[in-house]
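Here are a few short exercises to help you find your way around a new structure. Try each one by eye, then read through the solution.

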Amino acid sequence: MRTEAPDQADATPRAEAPAPAGAPKLRTLDAHQWLDLVADLPLRGPVRELAASAAFVSLDGAVLRLALPEADEHLKAPIMVHQLCEALAGPLGGVPQIRFETAAASETVTLHERNARERDARQSNAETSFMSDPDVQRLMSQQGARVVPDSIRPFEERGFQ
């Protein structure tokens, strides 16, 4: 459980959505589940960007603490925080009260970061697979073929699923 000194909590700027009086304890959630939950939310536009840029810190009762990089502070406008709270109400079993903290890059993982890592891994696997293909190796060694830089893409990025 994460605790804060009262003056420390007041010193951190944050956007909050109103929590209902006597808010019930929401379902439990961890950082990995947060990423999956955000990926499945039917959000669009800036609200989706807010959710995908926010890293899970904790869920204590009805208070959901998220870390947001300073570069994304503009996303936590009250209307967007409210829309995110409403979208989370169903999956969490109630409307959370969201509090933001400044993200420490080494401690947090956002949906954007996870997606980028997965995309990079798919790209690396596609390049390795292509370059290790016996026909490609034969064409390169016997006929002087060369691979055009940045031309190799994973199947799913080309629409071949």
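**Exercise 1.** Which residues form a nonpolar patch on the surface, and about how much accessible area do they have together?

*Solution.* Keep in mind that you're looking at a predicted model. The patch is made up of Phe130, Met131 and Met140, with a combined accessible area of about 230 Å². Now zoom in on Met140: this residue sits in helix H6, which covers residues 134-143. Its relative accessible area is 31%. Patch members need over 30%, so Met140 makes the cut at 31% and counts as partly exposed.

**Exercise 2.** Work out how the helices and strands are ordered along the chain.

*Solution.* Start with the count: there are seven helices and three strands. Then walk along the sequence, and you get α-α-α-β-β-α-β-α-α-α. Next, look at how the chain folds back on itself: of the contacts with a separation of 6 or more, 69% are between residues 24 or more positions apart.

**Exercise 3.** Find the largest nonpolar core and say which element gives it the largest share.

*Solution.* First, the size: this core has 29 residues. Among those with the most contacts inside it are Trp34, Leu64, Leu88 and Ile98. Second, the suppliers: helices H2, H3 and H4 and strands S1, S2 and S3 each bring at least two residues. Helix H4 gives the largest share, with six residues. Third, pick out Leu88 and skip its neighbours within four places in sequence: its contacts include Trp34, Leu37, Leu64 and Ile98.

**Exercise 4.** Track down the salt bridges and decide for each partner: buried or partly exposed?

*Solution.* There are three to find.

- Arg65 pairs with Glu101, their closest N and O atoms being 3.7 Å apart. This pair links distant parts of the chain, with Arg65 in strand S2 and Glu101 in strand S3, 36 residues apart. Both partners are buried.
- Lys76 meets Glu73 at 2.9 Å, N to O. Buried means under 20%, so Lys76, at 11%, is buried. Glu73 has 25%, so this residue is partly exposed.
- Asp135 and Arg138 meet at 3.7 Å, N to O. They are three residues apart in helix H6, so about one helical turn separates them. Asp135 is partly exposed at 46%, and Arg138 is partly exposed too, at 35%.

Terms used: Residues numbered from 1 in each chain as written. Predicted model: local features only at pLDDT ≥ 70, side-chain atom pairs only at ≥ 80, totals over all residues. Heavy atoms only, no water. Patch = residues over 30% accessible without salt bridge, like charges linked within 9 Å, V, L, I, M, F, W, Y side chains within 5 Å. Areas by Shrake-Rupley, 256 points an atom, 1.4 Å probe, with all protein chains shown as cover. Salt bridge = Lys/Arg side-chain N within 4 Å of Asp/Glu carboxyl O. Helix = DSSP H or I, 4+ residues; strand = E, 2+ residues; numbered from the N terminus. Buried < 20%, exposed > 50% of the residue type's maximum accessible area, 1.4 Å probe, protein only. Contact = heavy atoms within 4.5 Å. Core = buried A, V, L, I, M, F, W, Y, C linked by side-chain atoms within 4.5 Å.
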